[in-house]
Amino acid sequence: MPELPEVEVVRQGLEPLLARRRIVGVATSGLPLRQPVPLKKLRLLAHEAVVTAVARRGKFLMLPLDNGALILLHLGMTGKLYPALPTTPPRKHDHLVLALDDGSEIRFNDCRRFGLVAAYDRFEAAAPPPLTGLGPEPLDEKSFSAAYLLERCRGRKTPIKNLLMDNGVVVGIGNIYANETLFAARVSPWAPAGTLGRTRIASIVTAAREILRRAIAAGGTTIADFANAAGESGYFQVQLAVYGRHGRPCPRCGTTIERRPQAGRTSFYCRRCQPACRQLP
DNA sequence: ATATTCCCCTGGAAGC
DNA sequence: TGCTTCCAGGGGAATA
């Protein structure tokens, strides 16, 4: 569920609770997430170590430790992080508990278990496998530029939406924000990437950045159950133009929003604002 | 190499 | 009311 804005909102909420805290205990549910949770390695690397920061790369949360090690978290579709006291009753689907030196705990809860908890020692931490090969951060104007995206699209027949959701091209854009970005840029999700000219590509880059920024400012998008570190919902969903709005009027032209499957996910679009085959510069 | 298809898992909503 | 089916913000492996 969480895309870049939601992960960033979690990061912001988690930082004051976790940064500069010493980890004094680690516990897990024993159930595997996307991969098994490396309890022994976590205990070896994290016990009595201080979390120096709460950082983000794409949809990954990074907890660098003062001994050079790194804990990596990914929320998958349903991952949540919440603070608790040792006396707080555990919730169903808690899979990791970090006990801190101030007597509090940070718990990782993930109903569908598509999330990830990984740990890397000081030598591995420079290039943890899940982070290698990731594309630029979309909010970084230098690395995620029109020139960059144009180059990545060149010669590609794959639909632009698939490419936008490819974390090797640009990180953090999932199904919601890919749909919203393409609507804002007036580009069909099925447009072959290589057919888009500089103007369209530039609109996509600009629209993506603008929408992600606004979503972060709104606390993220809560469709079913996204919550920040304080357990609060986001409210960007009220600003969504097309995602989940099939059968309702396009906010720009009034045409009924349609939905169609695309590459295993659902695309929402306005057929009038985002005509399928339009060659533009 | 590149592009769909399926699968991991649980639970809520919609359909009958 | 109760049962069944479908669907979901991600990502990677297995197929074409």
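Arg 113 of chain A is a handy place to start: with 18 other C-beta atoms within 10 Å, the residue comes out as partly exposed. The model is a predicted one, and in it Arg 113 sits in the loop that links β7 (105-110) to β8 (116-120). The backbone does something a little odd here, since phi of Arg 113 is positive, near 60°, in a residue other than glycine. Arg 113 also turns up in the list of residues around DNA strand B.

That list is worth spelling out. Around DNA strand B are Lys 92, then Cys 111, Arg 112, Arg 113 and Phe 114, then Arg 156, Lys 157, Thr 158, Pro 159 and Asn 162, and finally Ala 263 and Gly 264. Sorted by class, this surface holds five charged, four nonpolar and three polar residues.

A positive phi shows up at His 93 as well, at about 80°, and again the residue is not a glycine. His 93 belongs to the loop between β5 (79-84) and β6 (94-100). It has 17 other C-beta atoms within 10 Å and so counts as partly exposed.

Arg 113 has a link to another loop too. Leu 31, in the stretch between β1 (23-28) and α2 (39-46), is in contact with Arg 113 and His 95 once neighbours within four places in sequence are left aside. Leu 31 is exposed, because just 11 other C-beta atoms lie within 10 Å of its own, and the cut-off for exposed is 12 or fewer. Its C-alpha atom is separated by 24 Å from that of Glu 3, with the two positions 28 residues apart along the chain.

Now for the chain as a whole. Chain A comes to ten strands and six helices. Its radius of gyration is 20 Å, close to the 19 Å given by the globule rule for 281 residues, so chain A is as compact as a globular protein of that length. The C-alpha trace spans about 60 × 40 × 30 Å along the principal axes. Buried residues make up 41% of the 281 in chain A. As for how the chain folds back on itself, take the contacts between residues at least 6 apart in sequence: 64% of them join residues at least 24 apart.

Helix α6 (residues 198-217) is a good thread to follow next, starting with its packing against helix α1 (residues 4-18). The two axes are 9 Å apart, at an angle of about 40°, and the crossing is right-handed. On the α1 side the contact is made by Leu 4, Pro 5, Glu 8 and Val 9, which meet Leu 212, Ala 215 and Ile 216 of α6. By class, that gives six nonpolar residues, one charged and no polar.

Helix α3 (residues 146-153) packs against α6 as well. Here the axes come within 9 Å and cross at roughly 120°, again in a right-handed crossing. Ala 146, Leu 149, Leu 150 and Cys 153 of α3 make the contact with Arg 198, Ile 201, Ala 202, Ile 204 and Val 205 of α6. Eight of these residues are nonpolar, one is charged and none is polar.

The loop from α6 to β9 (258-262) contains Gly 220. Gly 220 counts as buried because it has 27 C-beta neighbours inside 10 Å, against a cut-off of 20 or more. Not counting residues up to four places away in sequence, Gly 220 touches Pro 5, Glu 6 and Val 9, along with Ala 215, Phe 226, Asn 228, Gly 234 and Phe 236. Pro 5, Val 9 and Ala 215 are familiar from the meeting of α1 with α6. Between the C-alpha atoms of Gly 220 and Arg 57, which are 163 residues apart along the chain, the separation is 17 Å.

On the other side of α6 in sequence, the loop that joins α5 (175-184) to α6 holds Arg 186. Arg 186 is partly exposed, with 18 other C-beta atoms within 10 Å. Beyond residues up to four places away in sequence, Arg 186 touches Cys 273 and Gln 274. The C-alpha atom of Arg 186 is also 9.7 Å from that of Arg 271, although 85 residues separate the two along the chain.

Conventions:
Residues numbered from 1 in each chain as written. Chains lettered and ligands numbered in written order. Predicted model: local features only at pLDDT ≥ 70, side-chain atom pairs only at ≥ 80, totals over all residues. Helix = DSSP H or I, 4+ residues; strand = E, 2+ residues; numbered from the N terminus. Rg over C-alpha atoms; globule rule 2.2 N^0.38 Å. Contact = placed C-beta atoms within 7 Å. Near = placed C-beta within 6 Å. Nonpolar A, V, L, I, M, F, W, Y, C, P; charged D, E, K, R; others polar. Axes fitted to C-alpha atoms, helices over the stretch in contact; angles between N-to-C directions. Left-handed = near helix turned anticlockwise from the far one by under 90°.
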